[in-house]
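User: Could you take me through the interior of this protein, starting with the empty space inside it and then moving on to the packed parts?

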Amino acid sequence: MKKDVVIIGAGPAGIFTALEMLKKGSKQKILIVEKGVAVENRRCPKDKTGRCVGCKPYCHITTGFSGAGAFSDGKLSLSCEVGGDLPTLIGADRAQETIGYTDRIYLEFGADSHIEGLGNTEEVKAIRRRAIRAGLKLVDCPIRHLGTEKAQDLYCAIEQYLLKNGVELLFGYECTDLILEGDLCRGVRVTNRREDLEILAGRTVIATGRRGADWLESLCAEYNIAHQPGTVDIGVRVEVRSEVMETVNRVLYESKLVGYPKPYKNKVRTFCQNPGGFVSQENYDNDLAVVNGHSYKELKSDNTNLAILCSHNFSYPFNQPIAYAQKVGELTNMLGAGRIMVQRFGDILDGKRTWEKELAFSNVRPTLPDAVAGDITAAMPYRAMTNIIHFIQAMDEVVPGFAAAETLLYSPELKFYSNRVKMDENFNTNIRRLHCLGDSSGWTRGLMMASVMGVLMGRRLAEEE
């Protein structure tokens with residue numbers, strides 16, 4: 001099989017690479033390889049079973065056309081200050097300009113025109129004053145909320161557009177290897193467990209998302225693709241009654257707060273806030289169960305959930321941050337008998353585990369019904385847990401009631417952004433004709449920035465035609 005461009009991964013970065021090539025009039029033969037299924041065929045049986053059944057060979061929440069982001073909360077962050085470190089590679093002005101361009105594409109395919117977090121200037125100032133007093137930084141970021149169910153419709157429309165305009169989509173195939181001749185990438189090897197294929201291509205784009213970060217890390221090590229250990233985030237998913245978050249939800253929709261709590265002063269931040277949302281479970285290929293959050297446009301709960309993440313960096317002598325985070329997750333899963341664990345904040349401070357009967361009488365009822373009550377501190381590293389506790393207490397000064405005894409903490413919440421691939425501003429690696437995009441590259445975090453990276457890659461490939 002021979003193509004002009006082969007893209008590994010049908011998440012936002014890969015999708016928008018192909019989409020932008022079409023918009024620029026490219027006639028190149030484009031193939032997107034995706035180990036999952038088409039977006040319209042992605043199904044999570046939990047709606048019927050009431051609990052995660054550990055789908056094989058992969059989790060439909062994290063794998064398939066549109067990637068993991070489209071099946072979570074579906075939020076587009078419209079500021080270049082949010083979403084990773086891509087602006088340091090391409091420049092902040094270029095990043096912000098491309099966000100605006102990419103946002104208009106999302107609107108073309110049916111995104112909600114309403115933007116959260118605009119206006120309410122005086123109320124935002126009041127929230128910022130409380131954040132400053134608590135030693136936290138409030139990051140302004142307008143949000144376009146797609147919604148979990150609406151995002152699926154939007155990406156289905158993009159999928160059909162790509163197919164209609166000649167982009168080939170190869171579903172059910174997993175990339176196993178690169179085809180290299182010295183420092184030149186000639187293509188990839190893929191398999192669907194029944195047959196193996198070699199795909200030769202003029203350009204190879206790796207865009208495998210968070211769940212492909214460890215695989216890309218192994219390729220970098222094997223083929224000397226220039227990279228450096230990046231950051232991995234370890235944390236919890238916090239759930240409170242929406243009444244507690246009412247002002248922040250209304251004024252900002254998503255409160256992006258960053259702090260460096262004592263004594264360790266590691267970076268701790270909020271992420272992926274879901275007003276009226278639902279806590280969810282995702283499963284990785286190695287049977288690792290992690291927690292996430294969904295937010296629908298129509299269906300609402302009584303709670304708001306958000307992630308609190310502590311950033312970890314390793315260099316010497318240990319340089320495997322992804323493996324470290326996986327071990328933390330595996331230990332938590334072991335204590336929870338393979339399920340997500342939940343604990344009340346007050347019980348953590350009191351040094352005791354949470355029991356199911358205690359949750360039954362709580363003001364905050366878990367929106368993840370199959371989470372198992374227990375003690376997350378038995379698995380969470382002391383440094384990370386200390387940072388999270390201190391951050392939650394600081395958050396209470398910004399949002400009174402956030403550090404209430406009944407606030408729920410779910411674990412593990414892990415973000416595998418590690419293994420930053422060294423590239424120039426055109427996303428060229430030290431292996432000729434090989435490019436790495438999106439969250440697996442270590443440069444982006446989230447839907448919008450991954451999409452932006454795809455747009456810029458698509459322009460570059462179209463220009464070379």
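Analyst: Happy to! The largest cavity has a volume of about 110 Å³. Please keep in mind that this is a predicted model. Around that cavity sit 13 lining residues, and Cys44, Cys52, Cys55, Cys59 and Ile61 are the ones nearest its centre. By character, the lining is made up of 7 nonpolar, 4 polar and 2 charged residues.

In total, the structure holds 3 cavities of 30 Å³ or more. The second largest cavity contains about 50 Å³ of space. Its lining includes Gly54, Cys55, Lys56, Pro57, Tyr58 and Cys59, along with Asn283, Tyr284, Asp285 and Asp287. Here the split is 5 nonpolar, 2 polar and 3 charged residues. If you are following along in the viewer, Cys55 and Cys59 are good residues to select, as they line the second largest cavity and are also among those nearest the centre of the largest one.

Now for the packed parts. In soluble globular proteins, nonpolar side chains tend to be buried together. In this model, the largest nonpolar core has 73 residues, and the members touching the most others are Val33, Tyr106, Tyr155, Ile158, Leu162 and Phe427. The biggest contribution to this core comes from helix α13, residues 447-463, which supplies 10 residues. For a closer view, try Leu162: beyond its neighbours within four places in sequence, Leu162 contacts Ile15, Ala18, Leu19, Leu22, Ile32, Phe65 and Val167. Apart from this core lies another one, of 47 residues, with Val240, Val328, Phe345 and Val398 among them.

How values were computed:
Residues numbered from 1 in each chain as written. Predicted model: local features only at pLDDT ≥ 70, side-chain atom pairs only at ≥ 80, totals over all residues. Heavy atoms only, no water. Core = buried A, V, L, I, M, F, W, Y, C linked by side-chain atoms within 4.5 Å. Buried < 20%, exposed > 50% of the residue type's maximum accessible area, 1.4 Å probe, protein only. Helix = DSSP H or I, 4+ residues; strand = E, 2+ residues; numbered from the N terminus. Contact = heavy atoms within 4.5 Å. 1 Å grid on protein atoms, 1.4 Å probe; cavity = no way out; pocket = protein on both sides within 12 Å on 5 of 7 lines; lining within 4 Å. Points joined across faces, edges and corners; volume = space filled by probe spheres on them. Nonpolar A, V, L, I, M, F, W, Y, C, P; charged D, E, K, R; others polar.
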